Amino acid sequence: MNPTINYYNKNASDFVSGTINVDFTATQNKFLDKLPENARILDFGCGSGRDTRYFLEQGYQVDAIDGSEELCRLASQYTGIPVKHMYFQELDVEDTYDGIWACSSILHLPKVELLPVMKKMAAALKRNGIIYTSFKCSEFEGERNGRYFTDFTMETFREFVAPIEELSITEFWITGDVRPGRSEEKWLNIILQKN
């Protein structure tokens, strides 16, 4: 069993209670503003289901997946839709989504696995589709508190994603962590578009 997934299965309830009520509307709306009406969204690593539920409430069609069976169970209860248990590497659709929301999720993949997954994400997007994703802002890669993390700065991410020619970075910004007591942790937020 992957240690990161194991961590989320064991700590699912605590993770959900720590993230479900975080107000993330500024970032959610920034993403939604770039989508067409009735857009189809993939919540790619949905965790508690917080963002899935918000997107559903705004009238969007949402598919949600997570690699932790326990989080899938809790997120299904919270969102009222079935959350599919699936690993990022198993994404295998083309030209399906207007937007992919990968909030603090694909950062758990080592770089060697992340690049092929991002290529699959690009394939899964419709033309001009967008991806929102976020990473901790540093140059660290490895295990931290029982989970694997790949961090990026804007410079290292730009270099990393360059081989995926169909994706271009349209926007990025740095934020403090929105969870109480963690504002000193910096996050890199990125919006990419499929050309």
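**Note on the predicted model: sheet, charged pairs, cysteines and aromatic rings**

1. In this predicted model, seven strands make up an open sheet of mixed pairing, and their order across it is β3-β2-β1-β4-β5-β9-β8. The two edges are taken by β3, which covers residues 84–85, and β8, which covers residues 167–176, and each of these strands has a pairing partner on one side only.

2. Within that sheet, β1 (residues 40–44) runs parallel to β2 (residues 61–66), and five bridges join the two strands. For a reader who wishes to locate the register in the coordinates, one reference point is Ile 41, whose bridge partner in β2 is Val 62. Helix α7, formed by residues 154–161, packs on the sheet and touches β5 (125–136), β8 and β9 (186–194), while its direction makes about 155° with that of β8.

3. As for charged side chains, nine salt bridges are found when the whole structure is searched. One of them joins Lys 30 to Glu 171, with an N to O distance of 2.7 Å, and this pair connects distant parts of the chain, since Lys 30 belongs to helix α3 (residues 25–32) and Glu 171 to the edge strand β8, the two residues being 141 apart in numbering. Lys 30 has a relative accessible area of 28% and is partly exposed, and Glu 171, at 24%, is likewise partly exposed. The pair also belongs to a network of salt bridges that links Lys 30, Lys 34 and Glu 171.

4. Two further salt bridges deserve a look, and their surroundings should be read residue by residue. Arg 50 and Asp 51 form a salt bridge in which the closest N and O atoms are 2.8 Å apart, and both of these residues are buried. Arg 144 and Asp 151 meet through their side chains at 2.4 Å, N to O; here Arg 144 is partly exposed, with a relative accessibility of 23%, whereas Asp 151 is buried, at 2%.

5. How many disulfides does the count give? The count comes to zero. In the case of Cys 72, the closest cysteine sulfur is that of Cys 46, and the separation of 6.1 Å is too far for a bond, because a disulfide would require the two sulfur atoms to lie within 2.5 Å. Cys 72 is buried, with a relative accessibility of 5%. Cys 137 is in no disulfide either, the nearest cysteine sulfur, in Cys 103, being 15 Å away; Cys 137 is partly exposed, at 28% relative accessible area.

6. Turning to the aromatic side chains, the count comes to 15 aromatic pairs. Among them, Tyr 7 and Tyr 8 have ring centres 5.3 Å apart and planes at 90°, so this pair is edge-to-face. Tyr 7 is partly exposed, with a relative accessible area of 24%, while Tyr 8 is buried, at 9%. The rings of Phe 152 and Phe 157 are also arranged edge-to-face, with centres 5.3 Å apart and planes at 85°, and in this pair both Phe 152 and Phe 157 are buried.

7. Finally, one aromatic cluster is formed by Phe 24, Phe 31, Tyr 54, Phe 55, Trp 101, Tyr 132 and Trp 173. Read against the element boundaries, Phe 31 lies within the residue range of α3, Tyr 132 within that of β5, and Trp 173 within that of β8.

Note on methods
Residues are numbered from 1 along each chain as its sequence is written. This is a predicted model: local features need pLDDT of at least 70, side-chain atom pairs count only at pLDDT 80 or more; totals for chains, interfaces and linings use all residues. Side-chain values use heavy atoms; hydrogens and water are left out. Two strands pair if DSSP finds at least two bridges between them. Helices (H or I, at least four residues) and strands (E, at least two) are DSSP runs, numbered from the N terminus. Contact means heavy atoms within 4.5 Å. Axes are lines fitted to C-alpha atoms, for helices over the stretch in contact, and angles run from 0 to 180 degrees between N-to-C directions. A salt bridge is a side-chain nitrogen of Lys or Arg within 4 Å of a carboxyl oxygen of Asp or Glu. Buried means under 20% relative accessible area, exposed over 50%, partly exposed in between (1.4 Å probe, protein chains only). Rings of Phe, Tyr and Trp (its six-membered ring) pair if their centres lie within 6.5 Å; planes under 30 degrees apart count as stacked, over 60 as edge-to-face and the rest as tilted.
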